[in-house]
Amino acid sequence: MTTKRPNIVLFIIDNMCPWPLGCYGNADAFTPNLDRMAEQGIRFNNLYSANALCSPSRASLLTGLMPSAHGIHTPLPDQIGRYPKGWDATQEFETVPKTLKANGYDTALIGKWHLGDYPPRNPQGGFDHWVVMNGGHTTSFWRTEYFENGELRQYDGHCTALWTSKALEYLDTRTPQDDPFFMYVSLNPPYGTSQSLDDEISHANKNPFWDRFAHKEFVNIPREPIAKSQLAFGEIMGVPTPEHDTRTKKGEVKPRFLRSRDYMEDVRSINNQDRYRSLFSVVSCIDDSVGQVMTALQKLGLDQNTIVLFTADHGHSFGQHGHWGTGWHSVPSNGHRHCWNIPLLMRYPGVIAPGQVSDVMVMQTDLYSTLLDLAGADYTPNELSPGHSLASLLRGERVAGAFEAIFSEIHETRIMRTREWLYVKHFDPRFENQLFDLLRDPNEKHNAIADPRHAAILAEMDAALSKFFAAHSAPQYDVWHGGTMKASTIPVLDEGPFKRAYGDSWQPVYPAPASD
């Protein structure tokens, strides 16, 4: 094996638990390239996101920090003029691309960013090469607006074809003799909203895998009744969201407006065969993108010295527990596995032995130090990071102590998960906390919070949860103790619990402008 520092290709998918992938046991899926990648490297079964939404989770992956430390608690609204011009939401922290760049890496972002000012015309976050989607929210996988070299362009085909072609173009500029590179490939699917899936169904053109699933009868889809907490979310979201700018200013990029009736429509995705067909077809598009990049690496002589990592920003329930959406798409926010569990496949020939499956408990914040350590980077982790590097484990060395518990949060909800227990705690006193005995109730169906037999474990987990966030939160962004957030998506949900607790003067750093 060469002693040259490895290249890194990181695929990050938008809104997906491991369930729709063949290598995670779904017989309905068609994902041969990802299945092969799992066979050639390692598959992790217990990686959990730091947050249940995209901007916060992506920031946690890139910084190794929890949302209560980096301050991004919700997706950043696509809104002209809301943020300082050129603002980078992670600018005060070290990030994977910034650190790798300082260590001699060329850095490239292809696809979605969603961690800064809108529109994202110019490079941010430590990236040199910048081909980025205009905005962070996906309404269609077709007709994608994107920035390249500072110019706004539109691609009428499928977004996975766009981002794959741009990744291949970047790879064509690289040779084995060049400095190492870090390529962050952020693909839009599967996303999972009714709007994006229905557009895939009705669009005149079809993605390359549509015919494979067009008439498929699925055997592995959940068959559960709609959860009351999902209906409650849809009812609250029954009016248009005021914080998305509906105005179009001459000469500026068109703002986006998400109509909240789509959220109630998402409920109708549960047990909907057509939307499952759409879902699995776009997952196969993701798989094909990975396959094309892997083939290009091999042809260019780069595959033996390139770490390839496949993951998602956060989980998504596709009918499990009667939910369709993320952990945020219910009232109260839920802590169920599929909303937080995300795939992690890693391939690095000569370092990661093939055919491995790991059940260690991994936090998304662990990936920051893992990538930097594998790259041999000289770095100092961000203060308050809870991350532990997986590099020793990946090299086949024994690791003791770490990787025993998972901690996650989504502003009003904080979660601790071990192999035996799941504890979900709410800031809002109107909501009941939850405790699940995962050994006796692995499907998380029965809340045992009131069972006196579990009083000791409840007290232990509550203390551990408090201790963790006390150690890994920054006071200015610890919303449970008077801190704020950088922006909010839906004020009634995201800000409401804290305004009730702290008063109406409490607000995000970049609040929604007052409506005209």
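These questions and answers walk through a predicted model of one protein chain.

Visitor: How many helices and strands does the protein chain have?
Guide: Both kinds of secondary structure occur in the protein chain. The count comes to 16 helices and 17 strands.

Visitor: What is the radius of gyration of the protein chain, and what does a compact globule lead us to expect?
Guide: The C-alpha trace spans about 60 × 60 × 50 Å along its principal axes. With 516 residues, a compact globule would have a radius of gyration near 24 Å. The chain agrees with that, at 22 Å.

Visitor: Why do α5 and α10 count as roughly parallel?
Guide: Helix α5 covers residues 159-171, and helix α10 covers residues 273-299. Their axes come within 10 Å. Angles under 35 degrees count as roughly parallel. The two axes cross at roughly 10 degrees, so α5 and α10 are roughly parallel.

Visitor: Which class of residue is absent where α5 meets α10?
Guide: On the α5 side, the contact includes Thr 160, Ala 167 and Leu 171. On the α10 side, it includes Cys 285, Gln 292 and Leu 297. The contact has seven nonpolar and four polar residues, and none that are charged.

Visitor: How does α1 lie against α10: roughly parallel or oblique?
Guide: Helix α1 spans residues 32-40, and its axis comes within 7 Å of the α10 axis. The two cross at roughly 55 degrees. That angle makes α1 oblique to α10.

Visitor: How many charged residues are in the contact of α1 with α10?
Guide: From α1, the residues are Pro 32, Asn 33, Leu 34, Met 37 and Gln 40. They meet Asp 287, Asp 288, Val 290, Gly 291 and Met 294 in α10. By class, five are nonpolar and three are polar, and the charged residues number two.

Visitor: How does α6 lie against α10: roughly parallel or roughly perpendicular?
Guide: Helix α6 is made of residues 194-202. Its axis and that of α10 come within 9 Å and cross at roughly 85 degrees. Angles of 65 to 115 degrees fall in one class. That makes α6 roughly perpendicular to α10.

Visitor: How many charged residues are in the contact of α6 with α10?
Guide: In α6, the contact residues include Asp 198 and Glu 200. In α10, they include Asp 274 and Arg 275. The contact also has four nonpolar and two polar residues, and its charged residues number four.

Visitor: Which residues lie nearest the centre of the second largest cavity?
Guide: The model has three cavities of 30 Å³ or more. The second largest holds about 80 Å³ of space. Its lining has eight nonpolar, four polar and two charged residues. Of the 14 lining residues, those nearest the centre are Asp 78, His 114, Leu 115, Gly 116 and Asp 117.

Visitor: What is the phi of His 114?
Guide: Most residues other than glycine have a negative phi. His 114 sits in the loop between β3 (106-111) and β4 (129-133). Its phi is positive, near 65 degrees.

Visitor: Where do Pro 190 and Pro 332 lie, and what form do the peptide bonds leading to them take?
Guide: Pro 190 lies in strand β7 (residues 181-190), while Pro 332 is in the loop between β10 (324-325) and α11 (337-340). Most peptide bonds are trans. From Pro 189 to Pro 190, omega is near 0 degrees and the bond is cis. From Val 331 to Pro 332, omega is near 0 degrees, and the bond is cis.

Conventions
Residues numbered from 1 in each chain as written. Predicted model: local features only at pLDDT ≥ 70, side-chain atom pairs only at ≥ 80, totals over all residues. Heavy atoms only, no water. Axes fitted to C-alpha atoms, helices over the stretch in contact; angles between N-to-C directions. Helix = DSSP H or I, 4+ residues; strand = E, 2+ residues; numbered from the N terminus. Parallel < 35°, antiparallel > 145°, perpendicular 65-115°, else oblique. Contact = heavy atoms within 4.5 Å. Nonpolar A, V, L, I, M, F, W, Y, C, P; charged D, E, K, R; others polar. 1 Å grid on protein atoms, 1.4 Å probe; cavity = no way out; pocket = protein on both sides within 12 Å on 5 of 7 lines; lining within 4 Å. Points joined across faces, edges and corners; volume = space filled by probe spheres on them. Rg over C-alpha atoms; globule rule 2.2 N^0.38 Å.
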